Amino acid sequence: MGIEAELEAPDQGLQRTLKDLFAGAVGGVAQVLIGQPFDIVKVRLQTTSQYSGALDAATKIYKNEGALAFYKGTLTPLIGIGACVSVQFGGFHYARRAFEARNLEKTGSGDLSYSQYYAAGAFAGITNTVLSSPIEHIRIRLQTQPHGAARLYHGPIDCIKKLTAHEGIRGVYRGTAVTFLREANAYGAWFAAFEFMMNKDAERNKIKRNEISTAKVALYGGLAGEALWLWSYPFDVVKSKMQTDGFGETQKYKSMRDCFAQTFKAEGLGGFWRGIGPTLLRAMPVSAGTFATVELTMRFLN
């Protein structure tokens, strides 16, 4: 059971796109608020050796700094990730409507195939890369820098200045080629998996999409998040390695291809899956919250 397509006037298409962008931005805010505590724990583990593991870090942060400590530094990701998720959903629905119009013209039905859902998601991911590549590069640099007086950057602006000092704008966009591959595959799988589960539920229960319960929307969104990472994680590992690499004589990887080759030589296939456990644990609630928030926002706007 697909979404019926209707040919839209230009002003209606613009209005729909603005709604998609707004709903995505709201979903991005939810994504940050749900995921930020996980990120704080991850960053502390990456930048200090005082914790024995994730549970120990979370317990000590709460005990020594209070609950609000899990939301330190939230403003930057709120703006950046909010913009990224807005572009993801705006791009996906723009491509989806283009496929619907094409299918309607050719076959009389606007229903999409799942390869088309995947392509629409890939389009969203590729469009999003322009934002996500520098945002994630800067965030990774800040997360993995030495702790305390030895730290390299005093914040995101200082990080941007120092990256551009090394390689110009290319320094900020390092790792963009592999980010394109990650985003296209990740969001192709994310949206296709979610649409598959939503459509099958509506078909099985003979109901409309907007009648599916919020709990189910969240469940399907969470499972889509697992699919996203299982389908794209090796690209993410290579991206992280390239975006934490040094400059000049200290640069280890010459290119994306070189990074893949060196990782395989040194660590085997397992090297492309390091850290997948915590990533999947985080993905379920974050993706569930994102999709549930976007769906609820769209239902409210409509």
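These notes take up the helix packing of this predicted model, together with several residues in its helices and loops.

1. Helix H7, spanning residues 176–205, contains 30 residues, and the distance from its first C-alpha to its last is 43 Å, which is close to the 44 Å expected at 1.5 Å a residue. The helix is mostly covered, since 21 of its 30 residues are classed as buried.

2. The residue that follows H7 deserves a comment on its backbone. Lys 206, placed in the loop between H7 and H8, has a positive phi of about 55 degrees although it is not a glycine. Its side of the accounting is equally clear, for with a relative accessible area of 73% Lys 206 is exposed.

3. A positive phi also appears at the end of helix H2, where Gly 66, just after the helix, takes a value of about 90 degrees. As for H2 itself (residues 54–65), its twelve residues should span 16 Å at 1.5 Å a residue, and the end C-alpha atoms are indeed 16 Å apart, so the expected and modelled spans agree.

4. Two packed helices are described by the angle between their axes and the distance between the axes. For H7 and helix H10 (residues 276–301), the axes come within 13 Å and cross at roughly 65 degrees, and the crossing is right-handed. From H7 the contact draws on Trp 190, Phe 191, Phe 194 and Met 198, while H10 contributes Ser 287, Thr 290, Phe 291 and Glu 295. By residue class, the contact of H7 with H10 divides into five nonpolar, two polar and one charged.

5. Helix H4 (residues 114–144) and helix H8 (residues 214–243) pack at an angle of about 30 degrees, with their axes 11 Å apart. Angles under 35 degrees count as roughly parallel, and H4 and H8 are therefore roughly parallel to each other. The crossing of this pair is right-handed.

6. Which residues of H4 and H8 meet? On the H4 side they are Tyr 118, Ser 133, Glu 136, His 137, Ile 140 and Arg 141, and on the H8 side Trp 231, Lys 239, Ser 240, Met 242 and Gln 243. The residues of this contact of H4 with H8 divide into four nonpolar, four polar and three charged.

7. Is Tyr 117, a residue of helix H4, buried or exposed? At 1% relative accessibility Tyr 117 counts as buried, because the cut-off for that class is under 20% relative accessible area. The C-alpha atom of Tyr 117 is separated by 6.7 Å from that of Phe 191, although the two residues are 74 apart along the chain. Phe 191 is also one of the H7 residues in the contact with H10.

8. Arg 274 lies in the loop between helix H9 (256–267) and H10, and at 55% relative accessibility this arginine counts as exposed, the cut-off for that class being over 50%. Leaving aside residues up to four places away in sequence, Arg 274 touches Tyr 233, Val 237 and Glu 267. Arg 274 and Ile 34, by contrast, are 240 residues apart in sequence and 23 Å apart in space, C-alpha to C-alpha.

Key: Residues numbered from 1 in each chain as written. Predicted model: local features only at pLDDT ≥ 70, side-chain atom pairs only at ≥ 80, totals over all residues. Heavy atoms only, no water. Axes fitted to C-alpha atoms, helices over the stretch in contact; angles between N-to-C directions. Helix = DSSP H or I, 4+ residues; strand = E, 2+ residues; numbered from the N terminus. Parallel < 35°, antiparallel > 145°, perpendicular 65-115°, else oblique. Left-handed = near helix turned anticlockwise from the far one by under 90°. Contact = heavy atoms within 4.5 Å. Nonpolar A, V, L, I, M, F, W, Y, C, P; charged D, E, K, R; others polar. Expected span 1.5 Å × (residues − 1). Buried < 20%, exposed > 50% of the residue type's maximum accessible area, 1.4 Å probe, protein only.
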